[in-house]
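Me: Please pick one part of this model and take me through it closely. Keep the sentences short, and show me how that part fits with what surrounds it.

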Amino acid sequence: MRTHHQSLYQHQKIRQSKDRGVGYLLELYSNNFLMIDIKEYDMIDLQHIIHVIVAEENRKIVSSCVCVIIPNLTHNQQPYAFIENVITDEKYRNKGLATQCLDYAREIAIKKIIIK
């Protein structure tokens, strides 16, 4: 039985990007016909609000999503989360990598919302 962050394949890894592998992430976006300005990426250093989740295969980032935790001044100050920018390299699709990234992001959101 695999744990919630273990991939179906031994050479894949789902993790939160803390080492700011910006080059690999930008490569993933550019290989899939999306443009991103590297200056905009510097905003993703807000570790308690923005969480970049990546899937690696053979040390290459091949899928990603972003989980954003929004502080809330209403509703008993209960924060909320949303997930966006889900992307998987064309060569690695249909392997469940985006689903695993989303599952990982969901766990972060639940933890942050419950723990505050």
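Reply: The close look below follows one strand, S3, and one of its residues, Cys 67.

This is a predicted model; local features need pLDDT of at least 70, side-chain atom pairs count only at pLDDT 80 or more, and totals for chains, interfaces and linings use all residues. Residues are numbered from 1 along each chain as its sequence is written, and side-chain values use heavy atoms, without hydrogens and water.

Start with the whole chain. It has 3 helices and 4 strands. Both are DSSP runs numbered from the N terminus: helices are H or I with at least four residues, strands are E with at least two. Read from the N terminus, the elements run β-α-α-β-β-β-α. The chain holds 116 residues, and 38% of them are buried. Buried means under 20% relative accessible area, exposed means over 50%, and partly exposed lies in between (1.4 Å probe, protein chains only).

Now the sheet. It is open and has 4 strands, in the order S1-S2-S3-S4, with antiparallel pairing. S1 (12–16) and S4 stand at the edges. Each of these two has a single partner strand, so one side of each is left without a neighbour in the sheet. Strands count as paired if DSSP finds at least two bridges between them.

Take the pairs in turn. S1 joins S2 (residues 50–57) through 5 bridges, in the antiparallel sense. In that pair, Gln 12 faces Glu 57 of S2. S2 and S3 are also antiparallel, with 8 bridges. There, Val 52 has Val 66 of S3 as its bridge partner. S3 and S4 run antiparallel too, joined by 7 bridges. In this pair Ser 64 stands opposite Ile 87 of S4. So much for the neighbours of S3.

How does the chain get from S2 to S3? The two strands form a hairpin with 2 residues between them. Asn 58, in this hairpin, takes a positive phi near 50°.

S3 itself spans residues 60–70. Is this strand mostly covered or mostly open? It is mostly covered, with 9 of its 11 residues buried.

Zoom in on Cys 67, which sits in S3. Its relative accessible area is 0%, so it counts as buried. What lies around it? Beyond its neighbours within four places in sequence, Cys 67 is in contact with Ile 49, Ile 50, His 51, Ala 81, Phe 82, Ile 83, Ala 105 and Ala 109. Contact means heavy atoms within 4.5 Å. Compare Glu 84: it is 17 residues from Cys 67 along the chain, yet their C-alpha atoms are separated by 6.6 Å. Links across the sequence appear in the chain as a whole as well. Among contacts between residues at least 6 apart, 60% join residues at least 24 apart.

Does a cysteine here suggest a bond to look for? A disulfide is a pair of cysteine sulfur atoms within 2.5 Å. By this rule, the count is 0. For Cys 67, the nearest cysteine sulfur belongs to Cys 65 and is 7.3 Å away, so by the cut-off Cys 67 is in no disulfide. Cys 101 is in no disulfide either; its nearest cysteine sulfur, again that of Cys 65, is 5.2 Å away. Cys 101 is buried, with a relative accessible area of 0%.

Next, the cores. A nonpolar core is a set of buried Ala, Val, Leu, Ile, Met, Phe, Trp, Tyr and Cys residues joined through side-chain atoms within 4.5 Å. The largest one has 14 residues, and Ile 14, Ile 53, Leu 97 and Cys 101 have the most contacts inside it. S2, S3 and H3 each supply at least two of its residues. H3 gives the most, with 6. A second, separate core has 8 residues, including Leu 28, Val 52, Val 66 and Ile 87.

Finally, follow the chain past S3. Asn 85 is found in S4, which covers residues 80–88. It is partly exposed, at 42% relative accessible area. Its phi is positive, about 55°, although it is not a glycine. Asn 94 lies in the loop between S4 and H3 (97–115). It is exposed, with a relative accessible area of 84%. Asn 94 has a positive phi as well, about 65°, and it is not a glycine.
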